[in-house]
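Work through the following exercises with the coordinates open, and attempt each task before reading its solution.

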Amino acid sequence: MFRVNIQAEPFDLTDEHWKLSSLGPDVGAVVSFTGQVRDEVLELEHYPAMAMRQMEAVLADARARWPLKGATLIHRYGRLEVGAPIVLVLTASSHRQAAFEAAEFLMDWLKTRAPFWKKGADGWVDAKARDDAAAARWGTQ
């Protein structure tokens, strides 16, 4: 099961994790990353068709790089309060290394290349050099 979703409503981490962990006996690892709002309320905007296409493309790239059994990418938009979940990355594989690496790759890509824009109290949030440096190791910049 490979799935991408862009939604305003919160996601259910337990339910999403169960969907991947129950794919079959050859799933030996499910890695999850949940990003959440810190410090201040954010307004997330996106261009729906472009965001979906690009998220599907990066998931296809991850599938080509690692022997994944399943993966889920969920990104939220709209007004999000401090502590609210923004993004979910789940990867399932037979072995932990592939699941960890694929999850890192997907999150690095989402952080630097996904067409989502964040606005805080002081205006639009700029990209960070440290995020670009982390993503550069995958050769996707």
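**Exercise 1.** Determine in which strand Gln7 is found, and whether Gln7 counts as buried or exposed.

*Solution.* Gln7 is found in strand S1, where strands are DSSP runs of E with at least two residues and helices are runs of H or I with at least four, both numbered from the N terminus. The model is a predicted one, in which local features need pLDDT of at least 70, side-chain atom pairs count only at pLDDT 80 or more, and totals for chains, interfaces and linings use all residues. Residues are numbered from 1 along each chain as its sequence is written, and side-chain values use heavy atoms, with hydrogens and water left out. The relative accessibility of Gln7 is 8%, so Gln7 counts as buried; the cut-offs are under 20% relative accessible area for buried and over 50% for exposed, with partly exposed in between (1.4 Å probe, protein chains only).

**Exercise 2.** Identify the polar contact of the Gln7 side chain and the residues that Gln7 touches.

*Solution.* The side chains of Gln7 and Asn5 are joined by a polar contact of 2.4 Å, the term being used for a pair of N or O atoms within 3.5 Å, of which, within protein, one must be able to donate a hydrogen and the other to accept it, while residues adjacent in sequence count only if both atoms are side-chain atoms. Leaving aside residues up to four places away in sequence, Gln7 touches Ile74, His75, Arg76 and Tyr77, contact meaning heavy atoms within 4.5 Å.

**Exercise 3.** Compare the expected span of helix H2 with the distance between its end C-alpha atoms, and locate its buried residues.

*Solution.* Helix H2 comprises the 18 residues 48–65, which at 1.5 Å a residue should span 26 Å, and this agrees with the 26 Å between its end C-alpha atoms; the expected span is 1.5 Å times one less than the number of residues. Next, Ala51, Met55, Val58, Leu59 and Ala62 are buried in H2. They cover an arc of only 105 degrees around the axis, which puts them on the same side of H2, the arc being that of the directions from the helix axis to the C-beta atoms. An α-helix has 3.6 residues a turn, so residues three or four places apart point the same way. On the other side of H2, Arg53 and Ala64 are exposed. Finally, the buried residues of H2 pack against several elements, among them strand S1 (2–7) and helix H3 (96–112).
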